Amino acid sequence: MVSDKITRLPFEGNDVYMIDRNNIMIIYGDNPSTMIPELFEKGHILEYIGGDKDILIGIKPNLVVEKPSHLGATTDPRIVIAIIEYLKAYGYHNIIILESSWVGADTKKAYKVCGYEDIANKYDISLIDLKDDIYAGYGNNPTINICNKAMEVDFLINIPVLKAHCQTKLTCALKNLKGCVPDVEKRRFHTMGLHEPIAWLNKYLKSDLVIVDGIWGDLTFEEGGTPVFMNRIIMGRDPVLIDSYAARLIGYSKDDIRYICIAEEIGVGSTDLSRADIIELNHGEVGIDIGQRNAKLEYLSKYINAKDACSACYGSLIHALERIREKGFLDNIDKNVYIGQGYKGKDIEGIGIGSCTRGANIYLKGCPPSAKDIVDFLMKYNI
Ligand code: SF4
């Protein structure tokens, strides 16, 4: 089992933190206008970007389809606004947003529906539809065709959404760059089985900064439809490390997702979470009831006894139950599963998830625990 070294700021006597390739920073909440500046300040992002205010900064959201972000598929435009406002306040003026929605979807329509047209107008930012761009091939065995504009960018900010995927299990930092290849190449990626080309794409097109939209993600599909409120933004520099961490958040191990392992093998980054510093800047709040938003969540929530649970904790448990359902073991759960601050200090007849439930017969510590830890725990003790 991976033991994440969770550190919460402020450290005693030291309330700043320099972002490093081995770090992952997390902030809980759903208000990017305060969360992004805090991440950037604590991570000393300006020092990392450097003093040249003329560099071309590219923002790559995930606008795979034309759906607003609360449906789980696309990057919350408030995150992009907060990034732009921060960078512009410090004089970085050469910023573009670039994307190519999936084959069959209209990027320009996605820009409009997802709120990016308004961003472009308000902040005088160009929206690049990479479906209109020309491209060139990089490397051989395999050669990867990548859109020119994406390769021109001096500093690429990759902003994926934390989502499960019906074929690759996870879609996050590494896979989000698939929106930087032409449609003909996207089709070819599928004929190549997705994993190899996704890893190699990241060898040639580098993410300088990854900011994961973990506010609303999706339980099962890249195109959304089963949104889960995970109430956090995650920042790091290594997309392989970020994806290894993200996999655990939705109930998988990095070994379940082949492109993560291939990316490590070819030198894109590291999967070694045991050497990573995982820094939480704050603590999640008791959240909204996410169990009633769609039929699947309602179904999974029947296994849960929640009382004042934080959204991050509840979201982890929902992802874990779905992974157990995928394995075919959900109906084997025969004990009550308790979660939430309402059980603090109480004796519980059943199984507890999260440190608040330490009064249960048996409980999983963590605050919040990852979905992967919950899967392993429930498979061991409750099934
Ligand atoms: S363990 Fe308790 S306080 Fe911690 S995230 Fe879960 S519900 Fe919240």
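A polar contact, as I will use the term, is a pair of N or O atoms within 3.5 Å, where within protein one atom must be able to donate a hydrogen and the other to accept it, and where residues adjacent in sequence count only if both atoms are side-chain atoms. What you see above is a predicted model, in which local features need pLDDT of at least 70 and side-chain atom pairs count only at pLDDT 80 or more, while totals for chains, interfaces and linings use all residues. Residues are numbered from 1 along each chain as its sequence is written, and side-chain values use heavy atoms, with hydrogens and water left out.

The domain assignment, which is an automatic or database one, gives domain 1 (6-280) and domain 2 (295-381). Where they are in contact, meaning heavy atoms within 4.5 Å, domain 1 contributes 20 residues and domain 2 contributes 19 residues.

How much area is buried between domain 1 and domain 2? About 1500 Å² is buried, with 61% of that coming from carbon and sulfur atoms; buried area here is the accessible area (1.4 Å probe) that two parts lose on being put together, summed over both. Of the area that domain 1 buries against domain 2, Leu219, Arg248 and Gly251 supply 34%, more than any other three residues.

Arg248 also forms a salt bridge with Asp373, their closest N and O atoms being 2.5 Å apart, where a salt bridge means a side-chain nitrogen of Lys or Arg within 4 Å of a carboxyl oxygen of Asp or Glu. Between the two domains the count is one salt bridge, and eight residue pairs are in polar contact, both residues being at pLDDT 80 or more.
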